[in-house]
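Grab a coffee and work through these short exercises with the model open beside you. Try each one yourself before reading the solution.

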Amino acid sequence: MTPEALAALHAACFTTPRPWSADEFRDLLAGQGCFLVSQGQGFALGRELAGEAELLTIAVHPDARRAGLGREILRAFETEAHAAGAIDAFLEVAADNLPAIALYQSRGYAQVGCRKGYYHPPQGPAIDALILRKALIHP
């Protein structure tokens, strides 16, 4: 996927935090340890450094949700991160994003922290970010 396609899909999926631009995707993809996993109408962008992987963002087009694509992409992210040398994966998720939390928990992620008031939606109160972790010994 091109940075422009990534930005368009990200914009279709997110308002909080704000969607990322094509330039931001281009810069991230050029960064050390960054990798992209994409399948059809979804993608995951990750980074591996010093044995840890971070899921920077994952997106599945709203029209393609609830069909297992997010689970496939998350599994592919874990496999790629493990192949790059990561033994643990981390991510953050908005505390009110219950479908995403359920997906992550179904793949073995567990909460290890919380950033109070981390996300600032266009309207309404700030939302906590939950920090989740998974050991990648057997992704």
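**Exercise 1: two rings and a neighbour**

Phe43 counts as buried, since its relative accessibility is 0%. This is a predicted model, so keep that in mind as you go.

Task: work out what kind of aromatic pair Phe25 and Phe43 make, and which parts of the chain the pair ties together.

Solution.
- Step 1: the structure has five aromatic pairs, and we pick out one of them here.
- Step 2: the ring centres of Phe25 and Phe43 are 5.7 Å apart, with the planes at 80 degrees. Planes over 60 degrees apart count as edge-to-face, so that is the label for this pair.
- Step 3: Phe25 sits in helix H2 (residues 22-29) and Phe43 in strand E2 (residues 42-49), so the pair ties together parts 18 residues apart in sequence.
- Step 4: Phe25 is buried too, at 0% relative accessibility.
- Step 5: add Trp20, and you have one aromatic cluster of Trp20, Phe25 and Phe43.

**Exercise 2: another ring pair**

Task: decide whether the rings of Phe35 and Phe77 are stacked or edge-to-face.

Solution.
- Step 1: the centres of the Phe35 and Phe77 rings lie 5.6 Å apart and the planes meet at 15 degrees. The cut-off for stacked is under 30 degrees, so the pair is stacked.
- Step 2: Phe35 belongs to strand E1 (residues 34-39) and Phe77 to helix H3, and this pair links distant parts of the chain, 42 residues apart.
- Step 3: buried means under 20% relative accessible area. Phe35, at 9%, therefore counts as buried, and so does Phe77, at 0%.

**Exercise 3: a histidine in a helix**

Task: find out whether His10 is buried or exposed, and what its side chain contacts.

Solution.
- Step 1: look for His10 in helix H1 (residues 3-13).
- Step 2: His10 has a relative accessible area of 2%, so it is buried.
- Step 3: its side chain makes a polar contact with the side chain of Thr57, at 3.0 Å.
- Step 4: leaving aside neighbours within four places in sequence, the contacts of His10 include Trp20, Phe25 and Phe43. Those three residues form the aromatic cluster from Exercise 1.

**Exercise 4: the largest pocket**

Task: say which residues lie closest to the centre of the largest pocket, and which element gives the largest share of its lining.

Solution.
- Step 1: the volume of the largest pocket is about 1100 Å³.
- Step 2: 40 residues line it, and Phe14, Ile58, Asn97, Ala100 and Tyr104 are the closest to its centre.
- Step 3: E3 contributes the largest share of the lining, seven residues.
- Step 4: by type, the lining splits into 25 nonpolar, seven polar and eight charged residues.

Terms used. Residues numbered from 1 in each chain as written. Predicted model: local features only at pLDDT ≥ 70, side-chain atom pairs only at ≥ 80, totals over all residues. Heavy atoms only, no water. Helix = DSSP H or I, 4+ residues; strand = E, 2+ residues; numbered from the N terminus. Buried < 20%, exposed > 50% of the residue type's maximum accessible area, 1.4 Å probe, protein only. Polar contact = N/O pair within 3.5 Å; in protein donor to acceptor, adjacent residues only side chain to side chain. Contact = heavy atoms within 4.5 Å. 1 Å grid on protein atoms, 1.4 Å probe; cavity = no way out; pocket = protein on both sides within 12 Å on 5 of 7 lines; lining within 4 Å. Points joined across faces, edges and corners; volume = space filled by probe spheres on them. Nonpolar A, V, L, I, M, F, W, Y, C, P; charged D, E, K, R; others polar. Phe/Tyr/Trp six-rings, centres within 6.5 Å; stacked < 30°, edge-to-face > 60°.
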